[in-house]
Protein chains: 2
Amino acid sequence: MRKVVLAVGISLDGYIARPDGAFDFLFMPKDFSMAPFFATIDTTIMGRKTYDVARALGEVSHGPNMATYIYSRTLPSGKREGCTFTSQSPKALIAQIRKGKGKDIWLMGGGELAREFLNADLVDEIHLGVVPVLLGEGLPLFPSGFPQRDFALIGNRTFSKGLIELKYKRVRKGKH
Amino acid sequence: MRKVVLAVGISLDGYIARPDGAFDFLFMPKDFSMAPFFATIDTTIMGRKTYDVARALGEVSHGPNMATYIYSRTLPSGKREGCTFTSQSPKALIAQIRKGKGKDIWLMGGGELAREFLNADLVDEIHLGVVPVLLGEGLPLFPSGFPQRDFALIGNRTFSKGLIELKYKRVRKGKH
């Protein structure tokens, strides 16, 4: 089954961005490559605020071979800019995507959308790139307000500048 | 110099306890031992709420070879129960402890006390035992409200049941 993978960089205190949305503290070490991960996915999903940040960088759609979904309650639904804007439930969207064959699904964030997906128990894997800094304030990857979800550690790798990647998979009791 | 080491177990979403203080989700794998860490410290410091939890378990003082400080604004200061109750500033306490020779200092938590120590930039190392569960709510190890603090990853080890230990040391710009 096509997995939903929440993959993001975070500070050691769990923030994906500073209070104003800046993510200057994140970095991509030379010995780290997104290519192996990109090879496993063909779909990305992000919240509208993450979309705003991505669009400011001019990088929202990853091209015709990557389906891109933007969650928004305020922007009109439909396809444009190489993206599909939607306000349907995460459960309905993932069910729709899974009707087609394909690769895994990258849940890019942010925290509010991650919480919705965790509430619906739709997150199959979590890949965290943990940056060695305490920001002291910011936008959390895991804002409170979802039920306990148990995971299993499936991998960890360290990279230069103290980045450590932690990979977890969802353990659903009675289903594994 | 005697280091202040913030060493605690946390959930993957950064909680040291559930909202009611329960920490049933934490576990100590058979292949993990606190003994090497205990050999490096001779002093523990905790906040009053952590003390309440520890006292309910009957384990506050670690014996005559371990100095134990309890931070409290409400309990009377002074020595009793094998512990020293204090309300002085973290900076003053650490300066006082460092006047004597000895081993490192274990900052046991909780989050509010960790924040005070981070505000005073007194945390030299952080050792996290990260448990592979998202609680969805709880008492954070790093409540917001302190300035950015940069660290360097100095170690990571995995243990059974998906526990991963991450060790960081403080990097103070211009001082290293």
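Which residue in E11(B) does A:Val133 stand opposite? Keep that question in mind while the tour, which moves through a predicted model, works from the symmetry of the two chains to their contact, then to the core and finally to one residue of helix H4.

**The two chains together**

Begin by displaying chain A and chain B as separate objects and superposing them: chain B can be laid on chain A by a turn of 180° with a shift of 0.0 Å along the axis, and the RMSD is then 0.0 Å. The two copies are thus related as by a two-fold rotation axis. To locate that axis from the side of chain B, select B:Gly14, whose C-alpha, at 3.5 Å, comes closest to the axis of the residues of chain B.

**The contact between the chains**

Next, select the interface residues, 27 from chain B and 27 from chain A. In chain B, the elements that give two or more residues to the side touching chain A are strand E9 (133-134), strand E11 (149-158) and strand E12 (164-170), and the largest share, 7 residues, comes from E11(B). Colouring this side of chain B by class will show 15 nonpolar, 8 polar and 4 charged residues. Because 100% of the interface residues of chain B are also interface residues in chain A, the copies meet through the same surface.

Now restrict the view to strand E9 of chain A, residues 133-134, together with E11(B): the two strands run antiparallel and are joined by 2 bridges. Here the opening question finds its reply, for the residue that stands opposite A:Val133 in E11(B) is B:Asp150.

**The nonpolar core**

Leave the strands and select A:Leu107 and B:Leu107, which, of the 88 residues in the largest nonpolar core, touch the most other members. Centre on B:Leu107 and, leaving aside its neighbours within four places in sequence, look for the residues in contact with it, namely B:Val4, B:Val5, B:Leu6, B:Ile45, B:Ala114, B:Phe117 and B:Val123.

**A stop on helix H4**

Finally, return to chain A and select helix H4, residues 111-119, in which A:Glu112 lies. Is A:Glu112 buried, partly exposed or exposed? It counts as partly exposed, because it has 16 C-beta neighbours inside 10 Å, whereas 20 or more would make a residue buried and 12 or fewer would make it exposed. Setting aside neighbours within four places in sequence, A:Glu112 is in contact with A:Gly47 and A:Pro143. As a last step, draw a distance from A:Glu112 to A:Arg55, a residue 57 places away along the chain, and the separation of their C-alpha atoms will read 18 Å.

Terms used: Residues numbered from 1 in each chain as written. Chains lettered and ligands numbered in written order. Predicted model: local features only at pLDDT ≥ 70, side-chain atom pairs only at ≥ 80, totals over all residues. Least-squares fit on C-alpha atoms with pLDDT ≥ 70 in both. Contact = placed C-beta atoms within 7 Å. Helix = DSSP H or I, 4+ residues; strand = E, 2+ residues; numbered from the N terminus. Nonpolar A, V, L, I, M, F, W, Y, C, P; charged D, E, K, R; others polar. Pairing = 2+ DSSP bridges. Core = buried A, V, L, I, M, F, W, Y, C linked by C-beta atoms within 7 Å.
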